[in-house]
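Reader: I am in my first year of study and should be grateful for guidance in reading a structure. Would you please take one part and examine it closely, explaining each term as it arises?

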Amino acid sequence: MQTEKAQPILNVRNLNIWYGEKHILRDLSFEVQHRKVTAFIGPTNSGKSTLVRCLNRLNDFTPHFRSTGDILFRGVAMGAASDATALRKQIGMVFRKPVPFRCSIYENVAYGARISGINQSAHLDTIVEKNLQRTGLWDEVENILDEMPERLSIGHQQLLCIARALAIEPEILIFDEPCGELDPIETVKIETLVRELTNDYTLIFATNKRRQAARVSDVAGFLYCGELVEFGATDKIFTNPQDNRTEQYVTGRLG
Ligand SMILES: Nc1ncnc2c1ncn2[C@@H]1O[C@H](COP(=O)(O)OP(=O)(O)OP(=O)(O)O)[C@@H](O)[C@H]1O
Ligand SMILES: [Mg+2]
């Protein structure tokens, strides 16, 4: 019988971020649970991207960036002394604008496997097919694998970027406004995929589309002016928020 309480995969404690003198994130503390979608919502400039970029240390080289507090991944601090490259293999990222590499569709997905030392072509073929299948792109591209990604629609380029990220076999995948450039049909595809991926991955999802967060997430955090105003089960955040600002935001009266 399993009685142990699930340990969070990420534990953020008293995180503060500054760019120069500007205090961007203010004393954030929260936990991210395995195989759930955790969404961060909030108006533009509330700090969503700044936060999710910290979670795989993408801000390390941002000029004038400074932080205090701790981010623990599986209980281990991901501070400056840890290996950021190794961390990014475990925590992948998908951005608003799909940026496929300047190589074939096949090589975009094979890249992750190659950097892990896999170069046997039959093995690479399996990995490429598996990850394109996972994102629902395989049927579209199986006959054009040697072509460049630019011939794909923007939505399909985004799916390719997700397949590329999955091929690295991360534990966590972070999405920062992944549908920002997409039309409604492409957006539905990405939202459906995000839900499916919770079978195998932990997902973190930043968006300023409230209804999208309500559709895709299990847990949601509302960021406002760098403060994590409220964090908890998505249905509670959207139907029974505790803070007046959250209530105003989710009902469209703020931001
Ligand atoms: N590299 C940077 N240098 C200085 N200030 C920055 C930098 N990146 C972001 N900021 C500032 O940090 C604040 C939070 O920005 P951030 O991009 O995290 O917000 P956001 O919630 O993701 O907004 P959006 O919904 O528009 O994507 C803003 O005031 C922004 O101007
Ligand atoms: Mg952003």
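Author: The answer below concerns one strand, its partners and some related parts.

This is a predicted model, in which local features need pLDDT of at least 70 and side-chain atom pairs count only at pLDDT 80 or more, while totals for chains, interfaces and linings use all residues. Residues are numbered from 1 along each chain as its sequence is written, chains are lettered from A and ligands numbered from 1 in the order in which they are written, and side-chain values use heavy atoms, with hydrogens and water left out.

The part chosen is strand β7, residues 172–176. Strands (E, at least two residues) and helices (H or I, at least four) are DSSP runs, numbered from the N terminus. Five of the five residues of β7 are buried, that is, under 20% relative accessible area, whereas exposed means over 50% and partly exposed lies in between (1.4 Å probe, protein chains only). In a regular strand, side chains alternate between the two faces of the sheet. In β7, I172, I174 and D176 point one way, L173 and F175 point the other, and all are buried.

β7 has partners in β6 and in β8. Two strands pair if DSSP finds at least two bridges between them. Strand β6 (residues 91–94) runs parallel to β7 and is joined to it by four bridges; here I91 is opposite I172. Strand β8 (residues 202–207) is also parallel to β7, with five bridges, and F205 of β8 is opposite F175. Between β7 and β8 the chain passes through helix α7 (residues 184–197), in a right-handed β-α-β crossover. Right-handed means that, with the strands pointing away from the viewer, the path from the first strand over the helix to the second runs clockwise.

From β8 one may turn to I41, a residue of strand β3 (residues 37–41). T207, within β8, is among the residues in contact with I41, contact meaning heavy atoms within 4.5 Å. Beyond neighbours within four places in sequence, the contacts of I41 also include F222, L223, F238 and Y249. I41 counts as buried because its relative accessible area is 0%. I41 and R210 are 169 residues apart in sequence, yet their C-alpha atoms are 6.6 Å apart in space.

Another arrangement is the open sheet of four strands, ordered β2-β1-β4-β5 with antiparallel pairing. Its edge strands, β2 (22–32) and β5 (76–77), each pair on one side only. Seven bridges join β2 to strand β1 (residues 10–19) in the antiparallel sense, and W18 has H23 in β2 as its bridge partner.
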